[in-house]
Amino acid sequence: MRKHLDALGSLGVSQCEGEPSLQNSLDLAVSILRNMPGHTSKEILLVFGSLTTCDPGNITDSIETVREVGASCKVVGLAAQLSVCSRLAEATRGSFCVALDASHFRQLLMGSVAPQAVSTQQSSSLVKMGFPSREVYTPAEVAAQPSLCLCHGVSGTTPRGFRTTGYICPQCGSKYCDLPVECKVCSLTLVSAPHLARTYHHLFPLDVFPEVSIDSPVVCVGCNSEVSTKAFQCPGCNGLFCVECDSFIQDTMHSCPGCCSRQADVTS
């Protein structure tokens, strides 16, 4: 994630030059996604601001390659709707939208951030992960304990890799600045508990609570307030929620408090 943010931040000081090539962009994305493991979600986000594309070959072959790899391509246009972008989105089960203004452009980008839900037909596989501990030295140990992290030390970019804090790989003892990351020594995937929680919420989204009509006032399971107009019912525990609680559960909590309380009662 840090590499992506640094790359996007550097775009503000660079200038666009040359002819845009949609085919070269797709071929580069396919070369990266082709070797990804089967449990991953392969997605391509394309921000296209040109009305033309200068391709070295047949763009239809590249679109077919993207489809065979199993990647989904989402295209955000900045100029006008293009037939080739529409065919790309349709062939890869993606989407193509043209931004109307700056706020709409931000809305389209943020709508493409959430990962796709896991398909029920996808085979399951175990992934070995490590939960590194964050090492922090006391002021007396700072002068004697600065060390070089592998995320900066291997590339040899800048001396900023010497830090007194970092995450230590539980398998080989290598040091890294940020998480998540794949250990360059033992290839162990290093994550933290919040990362796993956010991934689970995106891959296994909560079912939408259908709106139900009520004849008499009921009590909201979430905030214990009286609901007299309309309510939303959880399909798992049949609990009724008000509009505010339904929005908070779907957008923030990603879990039903009624179902969680029932599970807690069973385990206790």
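# Exercises on strands, rings and a pocket

S187 counts as partly exposed, since its relative accessibility comes to 47%; the classes are buried under 20% relative accessible area, exposed over 50% and partly exposed in between, for a 1.4 Å probe and protein chains only. The model is predicted, so that local features need pLDDT of at least 70 and side-chain atom pairs count only at pLDDT 80 or more, whereas totals for chains, interfaces and linings use all residues. Residues are numbered from 1 along each chain as its sequence is written, and side-chain values use heavy atoms, with hydrogens and water left out.

**Exercise 1.** Describe the backbone at S187 and state where N238 is found.

*Solution.* Begin with the position: S187 sits in the loop between β10 and β11, where strands (E, at least two residues) and helices (H or I, at least four residues) are DSSP runs numbered from the N terminus. Next take the torsion, which for S187 is a phi near 60°, a positive value in a residue other than glycine. Then turn to N238, which belongs to the loop between β15 (231–233) and β16 and has a phi near 65°, again positive in a residue that is not glycine.

**Exercise 2.** Work out the order and pairing of the sheet that contains β1, and say which strands stand at its edges.

*Solution.* Two strands pair if DSSP finds at least two bridges between them. On that basis 3 strands make an open sheet in the order β1-β2-β3, and the pairing is parallel. The edges are held by β1 (43–48) and β3 (95–98), each of which has a single partner strand, so one side of each is left without a neighbour in the sheet. On average, neighbouring strands of this sheet are turned by 10° against each other, direction ignored; the axes are lines fitted to C-alpha atoms (for helices over the stretch in contact), and angles between N-to-C directions run from 0 to 180 degrees. As a last step, look at the contact of β1 with β2 (residues 72–77): these strands run parallel and are joined by 6 bridges, and the bridge partner of E43 in β2 is S72.

**Exercise 3.** Sort the side chains of β1 by face, and then place L46 in its surroundings.

*Solution.* In a regular strand the side chains alternate between the two faces of the sheet. Along β1, I44, L46 and F48 point to one face and are buried, while E43, L45 and V47 point to the other and are not. L46 lies in strand β1, and its relative accessible area of 12% is why it counts as buried. Opposite L46, in β2, stands V75. L46 and G77 are 31 residues apart in sequence, yet their C-alpha atoms are 8.3 Å apart in space.

**Exercise 4.** Give the strand order of the sheet that contains β4, with its edge strands.

*Solution.* The order is β4-β11-β10, an open sheet of 3 strands with mixed pairing. Here β4 (129–130) and β10 (181–182) are the edge strands, each with a single partner, so one side of each is left without a neighbour in the sheet. Between β4 and β11 (residues 189–190), which run parallel, there are 2 bridges, and M129 has T189 in β11 as its bridge partner.

**Exercise 5.** How many aromatic pairs does the structure hold?

*Solution.* Rings of Phe, Tyr and Trp (its six-membered ring) pair if their centres lie within 6.5 Å, and planes under 30 degrees apart count as stacked, over 60 as edge-to-face and the rest as tilted. There is 1 aromatic pair in the structure. F209 and F241 form it, stacked, at 5.6 Å centre to centre and with 25° between the planes. The pair links distant parts of the chain, 32 residues apart, as F209 is in the loop between α7 and β12 (211–212) and F241 in strand β16 (residues 240–241). Both F209 and F241 are buried.

**Exercise 6.** Which residues lie nearest the centre of the second largest pocket?

*Solution.* A pocket is an open set of points on a 1 Å grid over the protein atoms alone, where a 1.4 Å probe fits and protein lies on both sides within 12 Å along at least five of seven lines; lining residues have an atom within 4 Å of a point. The second largest pocket is lined by 16 residues, and Y200, L206, H254, S255 and C256 are the ones nearest its centre. The elements that give two or more residues to this lining are α7 (193–203) and α9 (257–267).
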